[in-house]
Amino acid sequence: MAELKLMKGNEAFAEAAIRAGADGYFGYPITPQSEVIEYLMAERPENRTGMVVLQAESEVAAINMVYGGAGAGKKVLTSSSSPGISLKLEGISYLAGAELPAVILNVVRGGPGLGTIQPSQADYNQAVKGGGHGDYQLYVLAPASVQEMADFVEDAFDIAFKYRAPVLILSDGLIGQMMEKVYLKDQKPRWTDEEINKMSGDWATYGRTDGRERNIITSLDLKSEKMEERVHRLQAKYKQMEDEDLRFEEIQTEDADYIIMAYGSSARIAQKTVELAREKGIKVGILRPITLFPFPKKRLMEMTKQIKGILSVELNMGQMVDDIRLAVEHKIPVEHFGRTGGIIHTPEEILEALEEKIVKG
Amino acid sequence: MDIKDIIKPENQVYAKTKLMTDNELSYCPGCGHGTAHRLMMEVVDEMGIADKTVGVAPVGCSVLAYDFMNVDMQQAAHGRAPALATALNRLMPDKYVFTYQGDGDLAAIGTAETIHACNRGENILIVFINNGIYGMTGGQMAPTTLPNMKSSTSPHGRDVSTMGSPIKMTELISNLPGVYSVSRHAVHTPKHVRKTKKAFQKAFKDLELKKGLVFIEIVSNCNSGWKMRPVESNIWLEDNMLPFYELGDIKVDGKLIQK
Amino acid sequence: MAKIRGAIVVDTEKCKGCEVCVPACPTSVIDMSKEVNGKGYHFAYMANPDACTGCSNCAIVCPDGVISVFRVKVEE
């Protein structure tokens with residue numbers, strides 16, 4: 001029976017991590033997500049499940065602790081915000097290259113540089129293009145509520161271990177800080193050594209306690225042919241993610257003439273815009289991607305038969321809009337509206353932009 | 001007696017441990033890495049803990065250590081091995097976790113990770129191979145390059161006024177309470193090899209006590225980087241490296257050795 | 001009076017001709033061959049086999065671990 005609580009997004013994420021049976025959290029303070037580690041430290045999950053919580057000396061150290069733990073087949077995670085995620089990108093590229101399952105939360109704040117501490121969605125490109133160096137993708141989940149901040153932890157671990165790949169949860173300062181009702185799942189027990197052996201015994205480095213050949217965790221392949229094989233193997237995973245684990249939500253799209261495409265906080269605000277628009281007789285609906293990679297390319301292309309135009313609403317200067325344009329292959333107009341600097345757009349502003357750029361245009 | 005009568009299985013007194021794989025070492029002829037690897041694996045083998053040992057390999061010449069050490073190994077990003085080892089130790093406290101790092105890895109890019117793992121007293125063994133140069137990338141200056149020593153990025157000799165003095169990481173971290181044992185060794189002569197093997201034996205045993213971090217520095221040669229023949233480089237090591245990086249125990253059983 | 005006699009076996013194809021074993025030997029047993037192996041290295045061999053006592057100095061200092069050591073007590 002799920003437990004109902006009123007919680008902050010960051011705290012719900014932390015509590016959900018404990019209940020998902022995570023083995024370890026390694027993090028570093030940065031606004032607006034420090035509540036994740038503060039909650040975990042206060043909660044002392046080592047007494048509840050034996051989960052390790054460690055404040056690392058930097059975001060760089062934290063992502064490498066995640067790499068070490070993931071390499072041993074454990075469920076490990078970290079969290080940070082934009083500048084800290086930039087620091088982690090080398091480690092994230094290594095996680096992808098070494099094919100390690102891990103969960104990383106980015107509670108996005110305004111950037112670039114030190115930026116602001118207020119919400120933003122300006123890390124979209126960084127997230128969906130992998131972020132770090134090399135040919136790889138991250139599976140990216142975008143929560144739009146405190147409930148999803150909690151639910152996506154387990155979902156992320158499931159995906160991470162299904163594919164042996166790192167998963168990024170792309171939240172933002174608004175979702176991280178706001179308080180909402182959340183249903184928390186029952187405690188899932190942490191994996192036993194036997195379960196880890198069964199699930200990951202062919203690759204994880206936990207000591208050869210069952211007499212097997214040694215396992216090696218590495219992303220290095222100096223022979224080009226082997227490297228090519230490795231990269232192709234990664235690409236096959238991403239193709240499978242697109243085929244099997246794409247997630248999106250549609251709100252009032254059945255009769256829509258126009259679509260607002262938005263994720264996270266923008267999607268929440270846009271719901272009010274839809275209400276206001278329909279009062280004025282504008283039939284608009286929302287396509288809310290839940291995964292940003294994989295991206296709902298097929299659905300978008302289908303929609304070009306019905307929809308006259310799409311407004312991409314993002315808390316940035318225009319990032320997801322490019323992916324929408326690619327997906328619809330210029331068949332219909334696609335425009336962007338966004339506020340930046342940590343300023344949140346209002347439903348009325350979005351409606352105005354929709355009318356100006358899409359309905360009239 | 002004929003040699004054929006001596007070379008019989010029952011007369012064998014030494015062979016390379018099976019915990020070194022049969023792969024040909026990628027190290028230059030004469031490089032101390034090979035010796036250091038073999039000593040560690042010998043000790044792990046003799047203690048019967050291969051199945052409970054996980055090693056973390058660095059970036060540097062020994063990035064391929066996992067091709068040679070026959071235990072579960074993880075390859076770490078440059079400098080980050082102590083972070084990986086921290087997680088391994090915290091998540092699997094009953095395993096023997098070691099890092100094997102070069103001077104750039106441990107004392108340049110990895111300085112923070114080294115110091116903080118030491119400060120937290122992680123129950124791991126850090127093995128620090130110090131040859132005062134960056135071998136893998138072609139012989140550049142390292143934080144441990146000696147004053148006036150030539151390298152590809154200090155072609156006129158290390159000028160301490162602009163490039164800083166060499167860092168003695170080993171002495172630096174020995175002051176941290178989380179560090180249980182610190183010592184400095186060499187592997188270029190049989191006498192040194194025997195002493196270093198004893199040090200590794202104590203090190204792995206010390207991990208069982210769970211009293212803190214164990215740190216072993218091995219001052220080694222890099223004949224390619226130093227542009228010498230192997231035997232010559234070992235003489236240069238004795239004449240130049242060892243007077244600066246003094247061998248011996250620095251901290252034993254949690255107590256600093258008073259000199 | 002028993003005498004210790006030793007002998008070494010060198011994996012000549014894996015030997016890299018670094019010569020570190022040569023000064024390690026207390027009885028000057030080892031020298032480098034005139035021939036080369038498949039990689040072009042002059043490999044170590046017992047130039048003076050009668051002097052070998054099987055002390056293992058060469059083997060333990062060899063970076064590539066290519067030397068195996070044998071030792072036997074011989075009754076005189």
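# A tour of chains A, B and C

Select α2 and α9 of chain B: the crossing of α2(B) and α9(B) is right-handed. This is a predicted model. The axes of the two helices come within 9 Å and cross at roughly 50°, which makes α2(B) oblique to α9(B). To see the contact, show side chains B:Thr35, B:Leu39, B:Met40, B:Glu42, B:Val43 and B:Met47 on α2(B). On α9(B), show B:Val193, B:Thr196, B:Lys197, B:Phe200, B:Gln201 and B:Phe204. Coloured by class, the contact of α2(B) with α9(B) has 7 nonpolar, 3 polar and 2 charged residues.

**From chain B to chain C**

Keep chain B and add chain C. The contact between them takes 28 residues from chain B and 28 residues from chain C. On the side of chain B that touches chain C, at least two residues each come from α1 (3-6), β1, α2 (32-47), α9 (190-209) and α11 (230-244). Helix α2(B) gives the largest share of that side, 4 residues. By class, the side of chain B that touches chain C has 16 nonpolar, 8 polar and 4 charged residues.

**A sheet built from two chains**

Now select β1 of chain B with β4 and β1 of chain C. These 3 strands form an open sheet in the order β1(B)-β4(C)-β1(C), with antiparallel pairing. At the edges stand β1 (12-14) of chain B and β1 (2-10) of chain C; each has a single partner strand, so one side of each is left without a neighbour in the sheet. Look along the sheet for its twist: neighbouring strands are turned by 35° against each other on average, direction ignored.

Take the two pairings in turn. Within chain C, 9 bridges join β1(C) to β4 (residues 67-75), and the two run antiparallel. Pick C:Val10 to find C:Ile67 of β4(C) opposite. Across the chain boundary, β1(B) and β4(C) are joined by 2 bridges and also run antiparallel. Here B:Tyr14 stands opposite C:Val69 in β4(C).

**From chain B to chain A**

Show the three chains together. There are 2 pairs of chains in contact, and of these chains A and B share the most contacts. Chains A and C are joined by no contact, and their closest C-alpha atoms lie 20 Å apart.

For one place where A meets B, select helix α4 (residues 59-71) of chain A and helix α4 (residues 81-91) of chain B. They pack at an angle of about 50° with their axes 7 Å apart, which makes α4(A) oblique to α4(B). The crossing of α4(A) and α4(B) is right-handed. From α4(A), the contact is made by A:Ala61, A:Asn64, A:Met65, A:Tyr67, A:Gly68 and A:Gly69. From α4(B), the residues are B:Ala83, B:Leu84, B:Ala85, B:Thr86, B:Ala87, B:Leu88 and B:Leu91. They divide into 9 nonpolar, 4 polar and no charged residues for the contact of α4(A) with α4(B).

**Two domains in chain A**

Hide chains B and C and colour chain A by domain: domain 1 covers 3-184 and domain 2 covers 250-359. Their C-alpha centres lie 27 Å apart. In the contact between them, 24 residues of domain 1 meet 21 residues of domain 2.

Turn to the side of domain 1 that touches domain 2. The elements giving two or more residues to this side are α6 (124-128), β6 (139-141), β7 (166-172) and α8 (173-177) of chain A. The largest share, 4 residues, comes from α6(A). By class, this side has 15 nonpolar, 8 polar and 1 charged residues.

**The five-stranded sheet of chain A**

Finally, select β10, β11, β12, β14 and β15 of chain A. These 5 strands make an open sheet in the order β10-β12-β11-β14-β15, with mixed pairing. Its edge strands are β10 (248-251) and β15 (334-337), each pairing on one side only. The twist averages 25° from one strand to the next.

Zoom in on β10(A): 4 bridges join this strand to β12 (residues 284-289) of chain A, and the two run antiparallel. The bridge partner of A:Glu250 in β12(A) is A:Leu287.

Then add two helices of chain A. Helix α11 (residues 264-279) lies across β10, β11 (258-261), β12 and β14 (309-313), running at about 170° to β12(A). Helix α14 (residues 347-359) packs on the sheet and touches β11, β12, β14 and β15. The direction of α14(A) makes about 145° with that of β14(A).

Terms used: Residues are numbered from 1 along each chain as its sequence is written. Chains are lettered from A and ligands numbered from 1 in the order in which they are written. This is a predicted model: local features need pLDDT of at least 70, side-chain atom pairs count only at pLDDT 80 or more; totals for chains, interfaces and linings use all residues. Two strands pair if DSSP finds at least two bridges between them. Axes are lines fitted to C-alpha atoms, for helices over the stretch in contact, and angles run from 0 to 180 degrees between N-to-C directions. Domain bounds come from an automatic or database domain assignment. Two residues are in contact if their C-beta atoms, placed from the backbone, lie within 7 Å. Ala, Val, Leu, Ile, Met, Phe, Trp, Tyr, Cys and Pro count as nonpolar, Asp, Glu, Lys and Arg as charged, and the others, Gly among them, as polar. Angles under 35 degrees count as roughly parallel, over 145 as roughly antiparallel, 65 to 115 as roughly perpendicular and the rest as oblique. A crossing is left-handed if the near helix is turned anticlockwise from the far one by less than a right angle, and right-handed if clockwise.
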